[in-house]
Amino acid sequence: MKTVLKFILLVLVLNVVRYLIAGPIEAFTIMGPMHQPMVDYSDCFNSSFSNVDWITSFLYNFMVWFFATWVFYLTHSNVAGNFIVKSFKIYGLMCLFFMSVTAVYMNHYIGGIRTFYQYAIIDAIITFSVVALANGLIYPMLFKH
């Protein structure tokens, strides 16, 4: 049970890192052009989030980092390198999976809406890199090896 609680704590901390560290990087680099299609195609995007929408969004984000961290937890002992290197390798693999799914959805659209998905792929590189670094630093402190 102690391991489960540490794992949940790690995922919560990684979610905070995702928003407090990756968020400003996103805001500075890609948020303007990424969100422009939301304005241009407002009939396709939900631009007036309710409280339930925000909760759902945060839950989905939690699940992304939960599963990426779970894969790390299950596989890191089979990956070479220190914890930061292992983290970048494993989270990089999870990032490729996320970008592949994003590209599948992007392929269903034409024009400006595709731009949103293209930026979502760049966004994945930013967020997965920040979270991978944080995981590589925090994981060994929580789970002694």
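The following questions and answers concern helix packing, a salt bridge and a surface patch in a predicted model.

Reader: How are the axes of α1 and α3 oriented to each other?

Author: Two packed helices are described by the angle between their axes and the distance between the axes. For α1 and helix α3 (residues 51–75), the axes come within 9 Å and cross at roughly 125°. The crossing is right-handed. An angle of roughly 125° lies outside the ranges for roughly parallel, roughly perpendicular and roughly antiparallel, the last of which requires over 145 degrees; α1 and α3 are therefore oblique.

Reader: What is the orientation of α2 to α5?

Author: Helix α2 (residues 31–40) and helix α5 (residues 112–142) have axes that come within 8 Å and cross at roughly 150°. Because angles over 145 degrees count as roughly antiparallel, this crossing makes α2 and α5 roughly antiparallel.

Reader: Which handedness does the crossing of α2 and α5 have?

Author: The axes of α2 and α5 cross at roughly 150°. The handedness of this crossing is left-handed.

Reader: Which side chains meet in a salt bridge, and are they buried or exposed?

Author: The structure holds 1 salt bridge. The side chains that meet in it, at 2.8 Å from N to O, are those of Arg 18 and Glu 26. As to accessibility, both Arg 18 and Glu 26 are buried.

Reader: Is Val 4 buried, partly exposed or exposed?

Author: Val 4 lies in helix α1 (residues 2–29), and belongs to a nonpolar surface patch with Met 1, Leu 5, Ile 8 and Leu 12, with about 500 Å² of accessible area together. The relative accessible area of Val 4 is 47%. Since buried means under 20% and exposed over 50%, Val 4 is partly exposed.

How values were computed
Residues are numbered from 1 along each chain as its sequence is written. This is a predicted model: local features need pLDDT of at least 70, side-chain atom pairs count only at pLDDT 80 or more; totals for chains, interfaces and linings use all residues. Side-chain values use heavy atoms; hydrogens and water are left out. Patches are made of residues with over 30% relative accessible area and no salt bridge: like charges are joined within 9 Å, nonpolar side chains (Val, Leu, Ile, Met, Phe, Trp, Tyr) within 5 Å. Accessible areas come from the Shrake-Rupley method with a 1.4 Å probe; for residues, only the protein chains shown count as cover. A salt bridge is a side-chain nitrogen of Lys or Arg within 4 Å of a carboxyl oxygen of Asp or Glu. Helices (H or I, at least four residues) and strands (E, at least two) are DSSP runs, numbered from the N terminus. Buried means under 20% relative accessible area, exposed over 50%, partly exposed in between (1.4 Å probe, protein chains only). Axes are lines fitted to C-alpha atoms, for helices over the stretch in contact, and angles run from 0 to 180 degrees between N-to-C directions. Angles under 35 degrees count as roughly parallel, over 145 as roughly antiparallel, 65 to 115 as roughly perpendicular and the rest as oblique. A crossing is left-handed if the near helix is turned anticlockwise from the far one by less than a right angle, and right-handed if clockwise.
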